[in-house]
Amino acid sequence: MTQTVRGVVARAKGAPVEIVDIVIPDPGPHDVVVRIQACGVCHTDLHYREGGINDEFPFLLGHEAAGVVETVGDQVTHVAAGDFVVLNWRAICGECRACKRGRPWYCFDSSNASVPMTLADGTALSPALGIGAFADKTLVHERQCTKVDPEADPAIAGLLGCGVMAGIGAAVNTGNVSRGDTVAVIGCGGVGDAAVAGARLAGAKTIIAVDRDATKLEWAREFGATHTVNATTEDVVERIRELTDDFGADVVIEAVGRPETWKQAFYARDLAGTVVLVGVPTPDMTLDMPLIDLFSRGGALKSSWYGDCLPERDFPMLVDLYRQGRLPLEKFVTERIALDQVEEAFHAMHAGTVLRSVVVL
């Protein structure tokens, strides 16, 4: 039977979000209803509110979430009622050309719920990244649910659903950081600090954090940065080279998503080193560089989508590492807030005073 619950909705571009009644329909054959326990406030949600993703308003925001499966469709086999899950926005299909070529982290046919959630008047909602988890409950495809250790704190485990996984995966999966590598991370917000944590986890010997904010640089040290560079007072490329015996870093992770910081990443890497772009640029941004520089320096220039993760492989492993005290995921949670504080959390995020605000239900 249908259910009516509370949810945070963006009705129009740039307008403050509202808490409204939303209607969750009966799940389709492969859909599940998840009772949300916690959901992180991610910059992508703000992009949706500002119309930076698309204009398919109204949006049901929230996607970085954990909760408990409540109801399942009649053909669901992947999860069962009572399972504790982290939600993921790339539900790997197993059938597309990427999956069949053994590259499922590039899955081109991610699954979403088969029927829409709606406003009380029947208006269909667009769930952020196919999730829509700033709500008491949400409706997703069964493959968007990844079971993890139920003893994990939902406010911490849920962060793997987006930003933390994006950063860790940028270092470990996309950048292939390995023991003894030198790594630089440009931009030390939530994703950048997760990349620092991932580089440390992988055994990098030198981890250089770059930002314009002294507080963020201190956060990066807490996650494992061995050196920091304040971009307001130091030449970023020159300083990274000084800290790597004038070679440049083996892997440079750009977690800002701007042409000028990407160029810094490019010129701060070692010959045949790797640049990983995990910061998300806006559609209007362009890059102008001498083609000879791209040719002569070799190496790899990569973008990292969702940390090139496989949720079924990575989420349980990272939760286990956190539970063992080997991955400080708890440090990402700056504050725990109520559902009606999402708008204030957007302002705090924009001001750079939090790593993550997490809605706890």
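In the protein chain you have in front of you there are 11 helices and 18 strands, and I should say at once that this is a predicted model. The radius of gyration of the chain is 20 Å, close to the 21 Å that the globule rule gives for 361 residues, so the chain is as compact as a globular protein of that length. Taken along the principal axes, the C-alpha atoms fill a box of roughly 65 × 40 × 40 Å.

Let me turn to the interior and the surface. Of the 361 residues, 55% count as buried, and if we take the contacts between residues at least 6 apart in sequence, 70% of them join residues at least 24 apart. The accessible surface comes to about 15300 Å², and carbon and sulfur atoms account for 50% of that. As for charge, the chain carries 32 positive and 48 negative side chains, with the centres of the two sets lying 5 Å apart.

I would like to spend the remaining time on one helix, α11, which covers residues 342-351. Which of its residues are buried? They are Val342, Glu343, Ala345, Phe346, Ala348 and Met349. When reading that list, it helps to remember that an α-helix has 3.6 residues a turn, so residues three or four places apart point the same way. What covers the buried residues of α11 includes the strands β1 (3-10), β17 (335-337) and β18 (357-360), together with the helix α1 (43-49). Finally, just after α11 comes glycine 352, which takes a positive phi of about 75°.

Technical notes. Residues numbered from 1 in each chain as written. Predicted model: local features only at pLDDT ≥ 70, side-chain atom pairs only at ≥ 80, totals over all residues. Heavy atoms only, no water. Helix = DSSP H or I, 4+ residues; strand = E, 2+ residues; numbered from the N terminus. Rg over C-alpha atoms; globule rule 2.2 N^0.38 Å. Buried < 20%, exposed > 50% of the residue type's maximum accessible area, 1.4 Å probe, protein only. Contact = heavy atoms within 4.5 Å. Areas by Shrake-Rupley, 256 points an atom, 1.4 Å probe, with all protein chains shown as cover. Lys, Arg positive; Asp, Glu negative; His and termini not counted. Charge placed at Lys NZ, Arg CZ, Asp CG, Glu CD.
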